[in-house]
Amino acid sequence: MRVVIAGAGSVGRSIALELLANGHEVTLIDRQPSAMRVAQVADADWLLADACELPTLTQARTDECDVVVAATGDDKANLVISLLAKTEYGVPRTVARVNNPKNEWMFDEAWGVDVAVSTPRIMTAMIEEAVSVGDLVRIFTFHQSGADILELTLPDDSPLAGRLVGQVDWPSDTVLACIVRDDRPFSPSTDDTLEGGDELLFVTGRDGSEQELAELLSTRAPGASSPTAPTP
């Protein structure tokens with residue numbers, strides 16, 4: 001996979017290192033000479049230029065990439081980069097960093113953003129989740145598909161504790177994607193038993209009902225003092 005990352009600060013470099021370690025091809029773009037820490041991500045291609053300008057994105061071969069990541073510290077720049085990547089280069093997937101949560105409402109398809117990542121929102125969700133055993137928490141929303149990632153720590157007294165995954169009639173358009181038990185994540189099979197204290201990760205589509213899932217898990221329904229996390 002070929003990825004262009006706009007913004008070579010600590011966030012952009014960290015993403016690049018992870019992608020390179022997984023065998024992907026990465027180009028880093030930044031307009032600040034001080035950000036050109038090439039030795040720290042030596043295997044990436046580097047470009048000193050403004051990613052908000054078409055000649056820069058053309059030079060970075062954006063039309064050949066699979067993903068564009070707008071990871072600068074400027075929300076306006078991240079929106080422009082995402083929009084250009086989608087409309088001018090037809091990039092299949094764009095991921096944009098949201099620096100100010102107040103700007104989240106703009107990070108959608110209208111600006112060419114497939115996935116928006118708001119670090120403050122995610123951190124808040126993680127804090128709330130840590131003290132909210134039994135509450136269904138929305139971790140992430142994908143604008144393009146409308147799918148949600150939901151998390152719940154199963155209470156010891158849940159009616160599902162002790163039941164096999166295959167015995168549970170999950171709501172439509174809802175998939176139990178992962179169970180984290182004793183810090184170990186695994187993909188659940190129909191023969192796995194649900195246990196109190198399990199962290200359950202669900203993926204729900206547009207037709208999935210958080211209300212039904214919450215009732216099945218005997219949690220409070222969304223909106224009833226249940227924490228909600230980022231909507232990228």
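How much space lies in the largest pocket? About 270 Å³ lies there, in a model that is predicted. The legends below start with this pocket and then turn to the two sheets, a helix and the confidence of the prediction.

**View 1. The largest pocket and its lining.**
The largest pocket holds about 270 Å³ of space. It is lined by 19 residues, and D30, R31, T72, D74 and A77 are the closest of them to its centre. At least two lining residues come from strand β2 (25–30), and at least two from helix α3 (75–87). Sorted by class, the lining consists of nine nonpolar, five polar and five charged residues.

**View 2. The parallel sheet of six strands.**
Six strands form an open sheet with parallel pairing, in the order β3-β2-β1-β4-β5-β6. Strands β3 (45–48) and β6 (115–118) are at the edges; each has a single partner strand, so one side of each has no neighbour in the sheet. From one strand to the next, the twist averages 15°.

**View 3. Strands β4 and β5, with helix α3 across them.**
Strand β4 (residues 67–70) runs parallel to strand β5 (residues 93–98), and four bridges join the two. Within this pair, V69 is opposite V95 of β5. Helix α3 lies across β4 and β5, and also across β1 (2–6). The angle at which α3 runs to β5 is about 175°. Helix α3 also appears in View 1, where it supplies at least two residues of the pocket lining.

**View 4. The antiparallel sheet of five strands.**
A second view of strand pairing shows an open sheet of five strands, in the order β7-β8-β11-β9-β10, with antiparallel pairing. Its edge strands are β7 (137–141) and β10 (184–186), each of which pairs on one side only. The twist from one strand to the next averages 25°. At one edge, β7 pairs with strand β8 (residues 148–153) over four bridges in the antiparallel sense. There, V137 is opposite E151 of β8.

**View 5. Strand β9 between its two partners.**
Which strand pairs with β9 over six bridges? Strand β11 (residues 199–204) does, running antiparallel to β9 (residues 174–181). In this pairing C178 is opposite L201 of β11. Three bridges also join β9 to β10, again in the antiparallel sense, and here V180 is opposite P185 of β10. The hairpin of β9 and β10 has two residues between the strands, and D182 in this hairpin has a positive phi near 55°.

**View 6. The surroundings of L20.**
L20 is part of helix α1 (residues 10–21). Apart from neighbours within four places in sequence, L20 is in contact with V26, V41, D43 and A44. One of these, V26, falls within strand β2 (25–30). From L20 to A42 there are 22 residues in sequence, and their C-alpha atoms are 10.0 Å apart in space.

**View 7. Confidence along the chain.**
The average pLDDT of the chain is 85, and 86% of the residues score at least 70. Over residues 219–232, pLDDT stays under 50. For that stretch the model has 46 contacts beyond four places in sequence. Where pLDDT is low, predicted coordinates should not be read in detail.

Conventions
Residues numbered from 1 in each chain as written. Predicted model: local features only at pLDDT ≥ 70, side-chain atom pairs only at ≥ 80, totals over all residues. Heavy atoms only, no water. 1 Å grid on protein atoms, 1.4 Å probe; cavity = no way out; pocket = protein on both sides within 12 Å on 5 of 7 lines; lining within 4 Å. Points joined across faces, edges and corners; volume = space filled by probe spheres on them. Nonpolar A, V, L, I, M, F, W, Y, C, P; charged D, E, K, R; others polar. Pairing = 2+ DSSP bridges. Axes fitted to C-alpha atoms, helices over the stretch in contact; angles between N-to-C directions. pLDDT = per-residue confidence, 0-100. Contact = heavy atoms within 4.5 Å.
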